[in-house]
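Thanks for coming. I will go through one structure today and keep to what can be read from the coordinates.

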Amino acid sequence: MTDGQEKAIVVSDLRRVYHTSKGILRKTRQAVEAVKGISFDVEFGELFGLVGPNGAGKTTTIKMLTTLLTPTSGTAKVLGFDIVEDVVEIRRRIGIIFGGERGLYYRVSGRENLRYFADLYGVPMSKREKRIAELLDMVGLSDRADSKVEEYSRGMKQRLHIAKGLINDPQLVFMDEPTIGLDPQAARDTRAMIKQLVEKSKTILLTTHYMFEADELCRRIGVISNGEIVALDTPAGLKRFVKDITVIEVEAFGIVDTDILNLRRRPEVKSVSANLEGERQTMRIQTPKGSEFIPEVTKLLSAAKIFDIRTKEPTLEDAYLRLVS
Amino acid sequence: MTKLQTISGSFRMSLLHFFADPQWIIPNIIAPFVFTIVALVLFGNVSTSVALYAVLGGGMMGMWGNTLYGSGFALAFDRWNGTIEYVLATPSRLVWIIAGRSASNAVLGLVNALAIVLVVVIGYGTLFVVANPVLFILALIVTLASLSALGVIFCSAFLLSRSAQVMTNGLEMPIYVATGSMFPIALLPLWSHPISLSLGPTWGIDAMRYASDAAYSGLGFGYWTDLLVVAASTAIYMAIGFWLFVVVEKKVRRDATLTEY
């Protein structure tokens with residue numbers, strides 16, 4: 001932290017435009033504004049969440065803050081350093097943990113992966129092996145440290161990602177969807193490790209698709225949609241966006257897109273989300289009318305087979321859906 | 001210390017990957033070895049001077065092939081693995097990371113030279129004698145550094161382009177020929193001499209031949225001049241490579257082309 005810096009991250013009017021081209025002989029260039037002038041800050045020791053749908057601008061924001069991308073305009077300071085001017089200073093002090101299968105050298109062991117990144121981060125040779133052993137122990141990979149990464153399960157790879165992201169003992173850790181694709185147990189283990197990091201006074205900026213995860217972990221959450229922050233509050237504060245509504249949850253078979261469109265057209269309906277995959281489809285309808293609206297829903301879904309329909313208290317996910325829809 | 005740690009760490013990781021992925025042995029070790037054996041067969045009578053050309057030429061082919069493919073694929077490999085962003089997000093300069101990888105590839109090429117020594121000695125019964133081993137090793141080290149530095153320059157281009165494979169294929173043979181690996185550059189057309197002389201490895205292999213054979217006349221400038229030119233050209237290549245990486249790193253951060261492959 002530089003002198004006088006009171007926030008771990010300060011983002012001011014940050015904007016990023018991507019230029020893409022179409023065609024081969026006659027190329028046409030197109031500008032896509034992925035992040036549209038966002039501003040927020042993160043306190044030291046805070047676990048701050050950024051949530052939003054695919055393409056909302058979460059990853060672009062993280063890439064700018066981790067110095068992998070330069071912003072088109074606006075400013076951001078990470079640990080007191082400017083993301084454009086002080087690239088090396090920032091890189092020394094931050095850790096990056098992205099979710100997904102990739103990002104590791106599969107043909108070599110987990111220990112060799114950590115050793116290499118320790119060298120790239122300049123971890124002193126005298127401390128390197130001890131640091132690696134501590135991290136392997138922390139993520140529960142000591143027994144498999146010398147096996148090739150290609151032999152690891154998906155959960156083990158993610159644990160190695162976490163160890164790698166902490167190799168330089170960073171003050172601030174960026175996590176981009178760290179539990180994506182993990183089975184429930186592995187995801188739970190990962191969340192437990194994230195909580196441990198907060199207990200060790202690390203500052204964390206986390207992006208996730210899972211609202212219950214954001215609710216469980218984050219002190220504050222920024223909801224990003226279409227490149228803009230549409231809400232920023234504590235999980236409880238965000239839930240207040242939907243305090244006036246009740247959620248009707250439907251489990252059924254045979255719901256079609258037209259049913260959803262018809263429901264959305266109703267003035268009593270604030271939002272509809274549905275998962276139409278599989279034999280047990282689920283639908284969540286937000287309405288201020290509460291259980292009074294159930295007969296209407298049943299009528300609108302008369303062509304489908306309804307297994308269950310009930311009212312529920314709104315969750316963070318409902319707040320999120322209302323904000324981004 | 002950190003630069004050295006970056007270079008040595010990248011050197012080690014590159015070696016580990018080479019041995020973990022046997023497919024690289026074919027273009028980098030076996031192919032130059034086969035070329036050299038074919039050359040020996042064409043020469044027919046493997047005299048000491050022919051053996052010198054074969055061993056040094058084969059070694060140079062191995063070192064250059066390895067450096068070129070290694071530098072070409074060094075970043076493509078990271079793109080495939082999804083590690084490129086993690087590598088670039090470290091405080092280490094990419095140029096030192098690539099320098100370590102490039103040096104490891106050049107050193108691996110020596111395996112080819114050692115294999116050819118064995119073929120020459122065992123298969124043809126010709127002794128391969130180095131007149132001055134100390135000067136030979138000195139020239140070898142500087143030549144390896146020169147090849148590594150050339151690899152760094154090429155790698156910066158590969159960071160920009162997704163056509164690394166095509167470029168590596170196109171650059172492999174011309175350098176073998178231009179540096180006089182298998183035969184003296186005097187046999188090449190006059191117009192090609194400036195190209196040959198602008199390449200550090202041309203002077204490096206000449207210096208090694210001076211150190212190996214007391215009767216060698218080569219380019220005519222002598223061992224120490226050759227060595228000086230290799231060292232100077234290596235410094236120039238590194239300066240160009242360093243500058244290119246600064247420019248290219250800024251460009252990929254601006255254009256968001258880092259993960260494209």
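Chain A: the open sheet

I start with a pair of strands in chain A: β11(A) and β13(A) are joined by seven bridges and run antiparallel. Before going further, a reminder that this is a predicted model.

One bridge in that pair can be picked out by residue: A:Ala252 has A:Gln281 as its partner in β13(A). Strand β13 of chain A covers residues 281–287, and five of its seven residues are buried, so I would call the strand mostly covered.

On to the other partner of β11. Strand β11 of chain A, residues 246–253, is also joined to β14(A), again by seven bridges and in the antiparallel sense. Here A:Glu251 is bridged to A:Asp308 in β14(A).

Then there is β12. Five bridges pair β12(A) with β13(A), and this pairing is antiparallel. Within it, A:Asn275 stands opposite A:Thr282 of β13(A). The two strands β12(A) and β13(A) make a hairpin, with five residues between them. In the turn sits A:Gly278, which has a positive phi of about 80°.

Put together, what is the order of the strands in this sheet? In chain A it reads β12-β13-β11-β14, an open sheet of four strands with antiparallel pairing. The edges are β12 (271–275) and β14 (305–312) of chain A; each has a single partner strand, so one side of each has no neighbour in the sheet. On average, neighbouring strands here are turned by 15° against each other, ignoring direction. As a general reminder for anyone looking at the faces, side chains in a regular strand alternate between the two faces of the sheet.

Two domains in chain A

Next, the division of the chain. Chain A has a domain 1, residues 7–233, and a domain 2, residues 243–324. The C-alpha centres of these two domains of chain A are 34 Å apart.

How many residues of domain 1 of chain A are in contact with domain 2 of chain A? Ten residues of domain 1 are in contact with six residues of domain 2. On the domain 1 side of that contact in chain A, the elements giving two or more residues are α7 (211–217), β9 (220–225) and β10 (228–233). Of these, α7(A) gives the most, with three residues. By class, this side of domain 1 of chain A has seven nonpolar residues, two polar and one charged.

Two residues in domain 1

I picked a pair of residues to look at in detail. A:Val139 lies in the loop between α4 (125–138) and α5 (154–165) of chain A. Is A:Val139 buried or exposed? It counts as buried, because 21 C-beta neighbours lie inside 10 Å, and the cut-off for buried is 20 or more.

Leaving out residues up to four places away in sequence, A:Val139 touches A:Arg159, A:Leu160, A:Ile162, A:Ala163 and A:Met193. By contrast with those contacts, A:Gly227 is 88 residues along the chain from A:Val139, and their C-alpha atoms are separated by 34 Å.

The second residue is A:Met193, found in helix α6 of chain A, residues 184–199. A:Met193 has 19 other C-beta atoms within 10 Å and is therefore partly exposed. With the same sequence exclusion, A:Met193 touches A:Val139 and A:Ile162. The C-alpha atoms of A:Met193 and A:Met138 are 8.4 Å apart, with their positions 55 residues apart along the chain.

Chain B and the contact

Now the partner chain. Chain B has eleven helices and zero strands. Its radius of gyration is 18 Å, close to the 18 Å that the globule rule gives for 261 residues, so chain B is as compact as a globular protein of that length. Along the principal axes, the C-alpha trace of chain B spans about 55 × 35 × 35 Å. Buried residues account for 49% of the 261 residues in chain B. Of the contacts in chain B between residues at least 6 apart in sequence, 81% join residues at least 24 apart.

Last, where the chains meet. The contact takes 25 residues from chain A and 25 residues from chain B. On the side of chain A that touches chain B, α2 (87–93) and α3 (110–120) of chain A each supply at least two residues. The element giving the most to that side is α3(A), with five residues. By class, the side of chain A that touches chain B has 14 nonpolar, five polar and six charged residues.

That is what I have; I will take questions now.

Conventions:
Residues are numbered from 1 along each chain as its sequence is written. Chains are lettered from A and ligands numbered from 1 in the order in which they are written. This is a predicted model: local features need pLDDT of at least 70, side-chain atom pairs count only at pLDDT 80 or more; totals for chains, interfaces and linings use all residues. Two residues are in contact if their C-beta atoms, placed from the backbone, lie within 7 Å. Ala, Val, Leu, Ile, Met, Phe, Trp, Tyr, Cys and Pro count as nonpolar, Asp, Glu, Lys and Arg as charged, and the others, Gly among them, as polar. A residue is buried if 20 or more other C-beta atoms lie within 10 Å of its own, exposed if 12 or fewer, and partly exposed in between; C-beta atoms are placed from the backbone. The radius of gyration is taken over C-alpha atoms; the globule rule is 2.2 Å times the number of residues to the power 0.38. Two strands pair if DSSP finds at least two bridges between them. Axes are lines fitted to C-alpha atoms, for helices over the stretch in contact, and angles run from 0 to 180 degrees between N-to-C directions. Domain bounds come from an automatic or database domain assignment.
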